[in-house]
Amino acid sequence: SLYGKGNALATISRYDEALDYYDKTLEINPEFSDSIYQKGNALFELGKYEEALPFFDHSLEYNPHNIKALLNKGLILSKLKKYKSSLVYFNQVLEQEPNDFDALFNKGLSLKKLGKFTDAELIFDKLISIDSNHSGVLFNKGYCLAKQEKFQTAISFFDRALEFHPDFVDAMYQKGKCILSQGNAHDADIIFEEILRIDSTNIST
């Protein structure tokens, strides 16, 4: 089928080609909700966020509880730096699935971007209870702690993230900043030198 062919192409990341088949499907049946959603998803994967948004809106008109469409709309709003609006959709996912990892993680990131570090920290704590070895969660927990000037505790979370990904440059950099904030310029400089060894063009601020 045209729809099946589009899905097969999307599965192997040939999203431009998949769009052609979703378009053909929608020419025949403009109200085919699955194809509407999948077209939005293909556009999302291609980074065409503003183009994708109305397809998720349309998909949600058919099924307001579509978790994937709600999540993707939240992700798009976050990509467009509309963090407060993104929270509405992440929260709608979490009303249905309180432990949805992607919704929790991205809710935490949006709260972090809004400067709500205490609230974001609580989300990352919940995620750690789900997966204590996720380096991205550990890093973001540390980041939130650092923003609250809890430098030593933040360092412990950056260290945990680095246990799983020793070349995690962002974790190294934030650890170095914490150490520098504690007045230890020598040890911070060692970390910054190590970052430059990994990435000689790093210009983190």
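**Notes on an all-helix model**

1. Let's start with a helix pair: where H4 passes H5, the crossing is left-handed. Keep in mind while you look at it that this is a predicted model. Helix H4 covers residues 49-62 and helix H5 covers residues 67-79. Their axes lie 9 Å apart, and the packing angle is about 150°. Angles over 145 degrees count as roughly antiparallel, so H4 is roughly antiparallel to H5. On the H4 side, the contact is made by Tyr 49, Ala 52, Leu 53, Phe 56, Asp 57, Ser 59 and Leu 60. H5 answers with Ala 69, Leu 70, Asn 72, Lys 73, Ile 76 and Lys 79.

2. Now zoom out. How many helices and strands does the protein have? There are 12 helices and 0 strands, so reading from the N terminus you just get α-α-α-α-α-α-α-α-α-α-α-α. Along the principal axes, the C-alpha atoms fill a box of roughly 65 × 35 × 25 Å. To get a feel for distances in there, try Ile 123 and Ser 35: they are 88 residues apart along the chain, and their C-alpha atoms are separated by 33 Å.

3. What share of the 205 residues is buried? Buried residues make up 45% of them. As for who touches whom, take the contacts with a separation of 6 or more: 40% of these involve residues 24 or more positions apart.

4. The largest nonpolar core is worth colouring in on your screen. Its residues number 61. Those touching the most other members are Phe 56, Phe 124, Leu 127, Val 137, Phe 139, Ala 171 and Cys 178. You have already met Phe 56, in the contact between H4 and H5. Val 137 makes a good starting point too: leaving out residues up to four places away in sequence, Val 137 touches Phe 101, Phe 105, Phe 124, Leu 127 and Ile 128.

5. Next pair: H7 and H8. Their axes cross at roughly 155° and come within 8 Å. Why call them roughly antiparallel? The angle is over the 145-degree mark, and H7 and H8 therefore count as roughly antiparallel to each other. The crossing here is left-handed. H7 brings Phe 101, Leu 104, Phe 105, Lys 107, Gly 108, Leu 109, Leu 111 and Lys 112 to the contact. From H8 come Phe 117, Asp 119, Ala 120, Ile 123, Phe 124, Lys 126, Leu 127 and Ile 130.

6. Two residues help to make that contact concrete. Ile 123 sits in helix H8, and since its relative accessibility is 12%, Ile 123 counts as buried. Setting aside neighbours within four places, Ile 123 is in contact with Leu 104, Lys 107, Gly 108 and Leu 111. Over in helix H7 (residues 101-113) you will find Leu 109. Buried or exposed? Neither, in fact: with 23% relative accessibility, Leu 109 counts as partly exposed, because buried would require under 20%. Beyond its neighbours up to four places away, Leu 109 touches Phe 124 and Asn 140. Leu 109 and Asn 140 are 31 residues apart in sequence, yet 7.9 Å apart from C-alpha to C-alpha.

7. Don't skip Glu 121, in helix H8 (residues 117-130). It's a glutamate that counts as buried, because its relative accessibility is 11%. What does its side chain do? The side chains of Glu 121 and Gln 148 are joined by a polar contact of 2.9 Å. Residues up to four places away aside, Glu 121 touches Lys 141, Cys 144, Leu 145, Gln 148 and Lys 150.

8. Last, a couple of backbone oddities. Most residues other than glycine have a negative phi. Lys 81 isn't a glycine, but has a positive phi of about 65°. Lys 81 lies in the loop between H5 and helix H6 (83-96) and, at a relative accessible area of 63%, is exposed. Glu 149 is another non-glycine with a positive phi of about 65°. Look for Glu 149 in the loop between helix H9 (135-147) and helix H10 (151-164). Why is Glu 149 called exposed? Its relative accessible area is 60%, and over 50% counts as exposed.

Notes: Residues are numbered from 1 along each chain as its sequence is written. This is a predicted model: local features need pLDDT of at least 70, side-chain atom pairs count only at pLDDT 80 or more; totals for chains, interfaces and linings use all residues. Side-chain values use heavy atoms; hydrogens and water are left out. Helices (H or I, at least four residues) and strands (E, at least two) are DSSP runs, numbered from the N terminus. Buried means under 20% relative accessible area, exposed over 50%, partly exposed in between (1.4 Å probe, protein chains only). A polar contact is a pair of N or O atoms within 3.5 Å; within protein, one must be able to donate a hydrogen and the other to accept it, and residues adjacent in sequence count only if both atoms are side-chain atoms. Contact means heavy atoms within 4.5 Å. A nonpolar core is a set of buried Ala, Val, Leu, Ile, Met, Phe, Trp, Tyr and Cys residues joined through side-chain atoms within 4.5 Å. Axes are lines fitted to C-alpha atoms, for helices over the stretch in contact, and angles run from 0 to 180 degrees between N-to-C directions. Angles under 35 degrees count as roughly parallel, over 145 as roughly antiparallel, 65 to 115 as roughly perpendicular and the rest as oblique. A crossing is left-handed if the near helix is turned anticlockwise from the far one by less than a right angle, and right-handed if clockwise.
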